[in-house]
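Me: I would like to learn how to read a small sheet in a model. Please start with the terms and then turn to the case.

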Amino acid sequence: MSQVAPQQQKQKPKKLRMRSELYDVSGSAAKLKNRKCPRCGSVMAHHSSGQPRWVCGSCSFTDYAPK
Ligand SMILES: [Zn+2]
């Protein structure tokens, strides 16, 4: 049961790798996706897997979204 095939890699252009994080289109409609990092001011990416959170790709600042 330990062999997990890495099939979660979708076919998306590598050059748009960062932008695909900025514009999270996974799930239903577009949510809040222009949140700015309070630390460095960069656009944060929203992650909905597990605990919903905003993660800054520049300084790794993480802000957990309130329920
Ligand atoms: Zn930041």
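Reply: Helices (H or I, at least four residues) and strands (E, at least two) are DSSP runs, numbered from the N terminus. Two strands pair if DSSP finds at least two bridges between them. This is a predicted model: local features need pLDDT of at least 70, side-chain atom pairs count only at pLDDT 80 or more, and totals for chains, interfaces and linings use all residues. Residues are numbered from 1 along each chain as its sequence is written.

Me: What pattern does the protein chain follow along the sequence?

Reply: The protein chain has one helix and three strands, and reads α-β-β-β along the sequence.

Me: How many residues lie between strand 1 and strand 2 in their hairpin?

Reply: Five residues separate them, and Gly 50 in that turn has a positive phi of about 75°. Strand 1 covers residues 44-47 and is joined to strand 2 by four bridges, the two running antiparallel. Met 44 stands opposite Cys 56 of strand 2, and Ala 45 has Val 55 as its bridge partner there.

Me: Which residue takes a positive phi in the hairpin of strand 2 and strand 3?

Reply: Ser 60 does, with phi near 65°; this hairpin also has five residues between its strands. Three bridges hold strand 2 to strand 3 (residues 62-64), again antiparallel. Asp 63 in strand 3 is the bridge partner of Trp 54.

Me: In what order do the strands form the sheet?

Reply: Strands of a sheet pair through backbone hydrogen bonds, either parallel or antiparallel. Here three strands form an open sheet in the order 1-2-3, with antiparallel pairing. Strand 1 and strand 3 are at the edges with a single partner strand each, so one side of each has no neighbour in the sheet. The twist averages 20° from one strand to the next, where axes are lines fitted to C-alpha atoms (for helices over the stretch in contact) and angles run from 0 to 180 degrees between N-to-C directions.

Me: Which side chains of strand 2 are buried?

Reply: A residue is buried if 20 or more other C-beta atoms lie within 10 Å of its own, exposed if 12 or fewer, and partly exposed in between, with C-beta atoms placed from the backbone. In strand 2 (residues 53-56) the side chains alternate: Trp 54 and Cys 56 point to one face and are buried, whereas Arg 53 and Val 55 point to the other and are not. Of the 67 residues of the protein chain, 7% count as buried.
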